[in-house]
Amino acid sequence: MRIDIVHPQLSPEARSRMDTAGDPPEFPSAVVRLRLLGPVAAWRKGREIDLGPPLQRAALCLLAAEPGQVVSKEQLIGGLWGGGAPDTAGQSIYTYVGGLRRALEPGRGRRGPYALLVSAAGGYLLRRDEVHVDAEEFERRLIQARRHREKGDGPGALRAFDKALELWAGPALCGIPGPFAETERARLEGSRVTAGEERADLLLELGQHQKAVEDLKHLVGKDPLRERAWELLMLALYRCGRQAEALNVFVEIRDLLAERLGVDPGEGLRTCHELILRNDPRLDPPASGEIRLPGPEAAHSREGTPHTPRQLPRDLGVFVGRTAELRRLRSLLAPGNGDPSQAVVAITGTAGAGKSALAIHAAHAVRDAFRDGQVYVNLLGATPGVEQLKPVDMLGRLLRGMGVRPEAVPTEPEEAASMLRDRLQGLRVLIVLDDASGPHQVRPLLRMPPGTAVLITSRESFAIADDCVSLRLATLPSAEAVGMLSALVGERRVAADPSAADELTSLCGRLPLALRLAAARLMDRPHAALGDLVERLRDRRRILHELETGDVTVRASLELSYDLLSRSPRPVDQAAARALCHLGVLHVPSIAPDVLAALLDASSAEAERCVDRLVRAHLAETDEHGRVLLHDLVRLFAMELAERHLDEGTRRDALERAVGLYGETARLAMKLLDHQRVHPPYSFRVREPIALSEASDALAWLEAERANVLAAVAQATASPHESVARAGAHLAFSLHWPLTYLGQPDDILSSSRHALNAGERMGDRDVLALAHGYVAIGLDHLWRTEEAIPHLRTELELQRGRGDRFSEMRALGNLAVVYLLMERYEEALAYARAQLDITREIASEVGERHALMSVVGALLGQGKMTAAMRTGREAHAMARKAGDLMHECDALLLMGQVRLKEDDPWSAVILFGKALALVRESRHRTTLPKCLGHLGEAQRRLGRLDEARASFGEMLALARDSGDRRRLADAEKGLAALGSESPSGEPPTGQESRGRGESAGAEGEEQVDAVGHR
């Protein structure tokens, strides 16, 4: 279907070349061409792409607004639904991204990999070199037009304006829903009208007055409240000799403004009207071709020399660091290559990050680029006890700064903004707006005329502001932080104790405000060593108290950010303030939205909205997985908030819910990885675990959350509340198998010791029995077997006292394993057979398999090869029938060791190879190096030295990664044994190959897979 759109900006010739709704825009070739300037559409190799439902198209538009830039999932949700996002919004985003990927790259299949729409840093981006967007092309052509005009090339500028406007095929983002589309549509349409005004202005400059009249009549009909277009229309009519019509135009716009807005025409229109009434010669185009328009210049000519404001506050005497940020600000505000300044730049960040100091320093650095002045206003957006500046008051201060008499300043925001735009037309002015409460406070200044740059500081995010580049201040790099401290307290003092200086900056979180306060403390005590202050700051209860001087404190700065949320009338702000309090309850490195939901006893969607609000307020950050990160000082402040605003019962319940969520999710993760493993029974206090559906999801969750869950164990087991401490202990027990799976023996031991301490403090025999057993297993994994024995005997005694036959059986099995490692085979066999008796009594198949393999190990150690192989086959058959990969792998390894001890490396290689295939399939990291070691030794004995070297080499790398010193030594020993041997890949010959090798090969075909039995 053809859509005919009338473009009032275009000449009839230009309109004839306008795109239709079905044709791709004409701009350089790319993998995908995307049209936003009209009904949204895309083409790939000339063929139109089906972009899917409206919200999926909206997601593409949001990504295409800034190709090459990461758009977070939160930004996508906000752009598509705003504050009314459904609970399923996150899943919908995944669906839309998947649909777009398949549409844009149909040859990639459902799982990619994708080269055009890719995942990055917690969000998604469209690769700039793979997509051409007509809205970007429109902006580029406008810049070209303005450059031509600045160089005096009027015809070249006119051609560039025509090419830019020809890209439009209808209203921008036509048919696209959502808050982002509305905002972006308004921005693009405003840019389109501005381009039309500039083109009409250029026609007047070129003497094409009649053509300008035609286009301007279309413009004012399309957007009747654009005073600049009416002003140009009056001038064009006057130059066509139609003075009466020009004066009638003024009456028309005056009545329209009064009717629609209740305001009078702005200064530019009034001045133009006066000049037309007097037939003022200044309205005539000068002979030089340089146009003189009524506006600020005309106003200045009546009042004398224009006022040039120089209002920047004094720059800091000591400004250290922020080198990269300063370079970025200079490139944006004063490009130096003829490019125009960035219209709006926002410096954002947490309290104390040094936003104001950087803005003022940068403004001084670029002030020569703004010859017509620099204006400064403190907006008081985060000043304690003071009402923030209203937009009309801000505009009034700016106008007075530009030389407007106080009595002439309009009292209505729209009129004041119009006057300011009029004043700034054609000037090069830098406006610095310090301490904005957010985009809403400065919205009237986000669309100033070209040549004006607005530099803003704020604790709030400006990511949604139009035509704004946001520079977020992180903490200072370590070297810059030490350099700042050195500049403040003296190089000698820092050089005298560089390690203390480095620790001091770390304790201050490398925040400029905190560093200045610490330096003030040191300057008050000129003879004190840096180490003295470091010692005081190590006590986290004193840090916020120490970092204060006079009425300037880190705590007060953070308190204000919290108060702005807690006292806000908006529910989302109040919820975010409550979330910050709850974030102080759980002391972990990062908190996933699901965990925050458990702390709050709220839905995940509610928690995600709170996270988004805290991030926009720069009180929190998120990592690539969407987990909440708190700056160290913010974390301490959040802990204070939790103590002040949440009662003890609320804190206890919140912590118990979070620990329960970790516990249930850890158990679910292990079930997905290996459902055969058994956890001690316990009912955590939680609604349901985090949703995991596949083994890969489970492994990813365990790896990403390991540090958080271990920290939760340490905190919960230390709690004075028994219900929390007990939940923390069972969380530690629930982590045993996942940590074994991940190959983290140190973590098994440390978390089990936390549980043991809790059990001793509570006198809880159930917890004590389990904790002793898990401590022993941790020691066993670390080859500290002698230390494990007392714990295992205590566990066995406690379990027998409880009358729990399953737990008694488990304790016996653990004793058998430890005695096997100590090569005390007779004792190991006794414990293994005692375990076997109980397993058959209580019908525990998993226990029976474990016991059988301990029997195999003991028989192997005693040299009873026939009995060991027979029992190994029995254990393997049981494991294979049950689908227990871990035990099946262990059985294969044991049978392979039997064959190796019988001097049959050929058969051993087959068995170890099958075990290796299984362990790679299950990704069990503890068993993998053991399997590689056995295989490497069999390969060496067989003469396959290159293969053996590869096996031992991989074993060495894995042992280094996990810190397993015993496996590391075994790998090094295996590689050393290969040093004097030459490679050979041939199998053994003679009777050995024909006999035992063949039978083992057949045996290997009968039994596949298995995993470790500890």
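The protein contains 45 helices and 16 strands. Both are DSSP runs numbered from the N terminus: helices are H or I with at least four residues, strands are E with at least two. This is a predicted model, in which local features need pLDDT of at least 70 and side-chain atom pairs count only at pLDDT 80 or more, while totals for chains, interfaces and linings use all residues. Residues are numbered from 1 along each chain as its sequence is written, and side-chain values use heavy atoms, with hydrogens and water left out.

**Overall build**

Of the 1014 residues, 56% are buried. Buried means under 20% relative accessible area, exposed means over 50%, and partly exposed lies in between (1.4 Å probe, protein chains only). The accessible surface is about 42600 Å², and carbon and sulfur atoms hold 49% of that surface. Areas come from the Shrake-Rupley method with a 1.4 Å probe; for residues, only the protein chains shown count as cover. Among contacts (heavy atoms within 4.5 Å) with a separation of 6 or more, 68% link residues 24 or more positions apart.

**Nonpolar cores**

A nonpolar core is a set of buried Ala, Val, Leu, Ile, Met, Phe, Trp, Tyr and Cys residues joined through side-chain atoms within 4.5 Å. The largest one has 150 residues, and L580 and L586 touch the most other members. Beyond its neighbours within four places in sequence, L580 contacts Y562, L614, L619, L630, F637, A638 and L641. A second, separate core holds 85 residues, including I49, L76, A212 and A229.

**Helix α26**

Helix α26 spans residues 593-600, and 7 of its 8 residues are buried. They are P593, V595, L596, A597, A598, L599 and L600. Their cover includes α25 (571-583), α27 (604-616) and α29 (648-673). After α26 comes D601, with a positive phi near 55 degrees.

**A three-stranded sheet**

Strands of a sheet pair through backbone hydrogen bonds, either parallel or antiparallel. Here, an open sheet of 3 strands runs in the order β4-β6-β5 with antiparallel pairing. Its edge strands, β4 (71-72) and β5 (117-120), each pair on one side only. Pairing requires at least two DSSP bridges between two strands. Strand β6 (residues 123-126) is joined to β4 by 2 bridges. In this pair, V71 stands opposite Y124 of β6. Helix α2 (residues 54-64) packs on the sheet and touches β4, β5 and β6; its direction makes about 75 degrees with that of β6. For such angles, axes are lines fitted to C-alpha atoms, for helices over the stretch in contact, and values run from 0 to 180 degrees between N-to-C directions.

**Positive phi**

Most residues other than glycine have a negative phi. K45 is not a glycine, yet its phi is positive. D435 also has a positive phi without being a glycine.

| Residue | Phi | Place | Relative accessibility |
|---|---|---|---|
| K45 | about 55 degrees | loop between β2 (41-44) and β3 (47-48) | 76%, exposed |
| D435 | about 65 degrees | strand β10 (residues 429-436) | 14%, buried |

**Cysteines**

How many disulfides does a search of the whole structure find? The count is 0, where a disulfide is a pair of cysteine sulfur atoms within 2.5 Å. C581 has a relative accessible area of 3%, so C581 counts as buried. C174 is partly exposed because its relative accessibility is 34%.
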